[in-house]
Amino acid sequence: MTDQKSMFINGEWIAAESGETLEITNPATGESVGVVSYGDGREAAKAIDAAHEAFKSWSKLTARERSRYLYNLYELVRNSRDELAGIISAEMGKPLREAKGEVLGAADNFMWYAEEAKRVYGDTVPTSVPNKRILVIHQPVGVVAAITPWNFPVNMVARKIAPALAAGCTVVLKPAECTPLSSIRLFELIEQAGFPKGVVNLVVGKPELVGQEFINNPKVRKIAFTGSTRVGKLLMEGAARQVKRVSLELGGHAPFIVFEDANLDAAVEGLFESKYRNAGQMCICTNRLYVQESVLDSFSEKLIERLKKTKVGDGRNKDTEIGPLINEQALRKVLDHIEDAKAKGASVLYGGNRLTDGEYSKGFFIQPTVISGVTKDMKISCEETFGPVVPVIPFKEEADVVEMANDTTYGLASYVYTENNSRCFRMAEALEYGIVGINDGSPTQTQAPFGGFKESGIGREGGYYAMEGFLETKFVSFGL
């Protein structure tokens, strides 16, 4: 795919003023899968102006009118599942089965918020003064600048723009530079759905320059970001200068806790879903595995047997379960975590190596890996690995593992496997995380709130909770 007009601004496809382009390569094969126009702050400014102008009319449409556009988009995305999944797999390596699930999840977001748009209710509040009446209404924030990551290049876009549009906001999206092709195709569907000019805009551009325009342009009233905690802090700091709203879904360091009374087979499958899906490149994926001492050996054996059956390969092959890492930098980080652990005394129980032979020779592949003998001074114990590597850490008592699990600045997702009903509730309440999966390795759903505690973010995506971040609350007092 070669497209020199890869930015969608004010209803038109345009190229970058600079004339620069960006080549997109498949991380499984190294082959080029597309060349796109690569913009900067100038295109971001144009898109913001267009969104600002479009907001005047889009925000005044009835909720039902906005819903119709979102319903149209839902149908188009759902019917384009296979095409979009193929693009996702080609540009970032995700197995096709997972990519198809991602696209259906994106479609579900458009349908959900088509319905949620009609449920932005206000209040009448009893007054304490006889000749006054109190009315509370909700109105859209304004222009939203959305920045999305490469690991879910369609679903993350939908999760941001769907509630924003439903609330009456207009949007400028900057997708990850690794994965713009799926966003471009999604915006072609947005154009096909008939959204008015300027309501939804796409800028494929340099992160620093586009980000600075988002921060400094006063017409932007909210920044919605998913990505690293480091970048999230920079955006939050910059947004503070104009008191822009921010919603931040940042890094994770999820604990996965297996108690001795757990169904171990179910726990292994739950761990595989949480840790090895998308090659471990998820903010909610397991980063630390805690197993009660009495079942440590049996659980480890079952896990390794599962990994021995796992096919690593090009995501476009139907039997692939684990695809490549996104790029060389990601591969180096994962290998560094493994080598650091080994140098400090850990043992590799399974995997631990880059795959380079045959079909793997041109891609960024690594074996699914299990490490034991992990200590707190190792990088893998305190940093987000973002790869298919899990450290196994034994524990004795419930209180011990709660303390270990909470001993981090992150607080996005956590997982617990136990058959003890009382413990289920105790752990759900004790873990300092925005998401807790109890006997569930894949807890996310469109209608549920998604977000973290501590340095894992601010705000929530999903359900009606997401709508709150795109609405201002206005109090109106009527004198009689």
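This report walks through the overall build, surface, charges and cysteines of a predicted model.

## Overall build

Let's start with the fold at chain level. The protein chain carries 15 helices and 23 strands. Its C-alpha atoms fit in a box of roughly 70 × 60 × 40 Å along the principal axes.

How does the radius of gyration compare with that of a compact globule? For 480 residues the globule value would be near 23 Å, and the protein chain comes in at 23 Å, so the two agree.

## Packing and contacts

Of the 480 residues in the protein chain, 56% are buried. Now for the contacts, counting those with a separation of 6 or more: 73% of them link residues that sit 24 or more positions apart in the protein chain.

## Surface and charge

The protein chain exposes about 19500 Å². Carbon and sulfur atoms supply 50% of that area.

On the charge side, there are 55 positive and 62 negative charges in the protein chain. Take the mean position of each set, and the two points lie 6 Å apart.

## Cysteines

How many disulfides does the structure hold? Zero. As a reminder, a disulfide is a covalent bond between the sulfur atoms of two cysteines.

Are Cys169 and Cys424 buried or exposed? Cys169 has 0% relative accessibility, so this residue counts as buried, given that the cut-off is under 20%. Cys424, at 14% relative accessibility, falls under that 20% limit too and therefore also counts as buried.

Note on methods: Residues are numbered from 1 along each chain as its sequence is written. This is a predicted model: local features need pLDDT of at least 70, side-chain atom pairs count only at pLDDT 80 or more; totals for chains, interfaces and linings use all residues. Side-chain values use heavy atoms; hydrogens and water are left out. A disulfide is a pair of cysteine sulfur atoms within 2.5 Å. Buried means under 20% relative accessible area, exposed over 50%, partly exposed in between (1.4 Å probe, protein chains only). Helices (H or I, at least four residues) and strands (E, at least two) are DSSP runs, numbered from the N terminus. The radius of gyration is taken over C-alpha atoms; the globule rule is 2.2 Å times the number of residues to the power 0.38. Contact means heavy atoms within 4.5 Å. Accessible areas come from the Shrake-Rupley method with a 1.4 Å probe; for residues, only the protein chains shown count as cover. Lys and Arg count as positive and Asp and Glu as negative; His and the chain ends are not counted. The place of a charge is taken as NZ of Lys, CZ of Arg, CG of Asp or CD of Glu.
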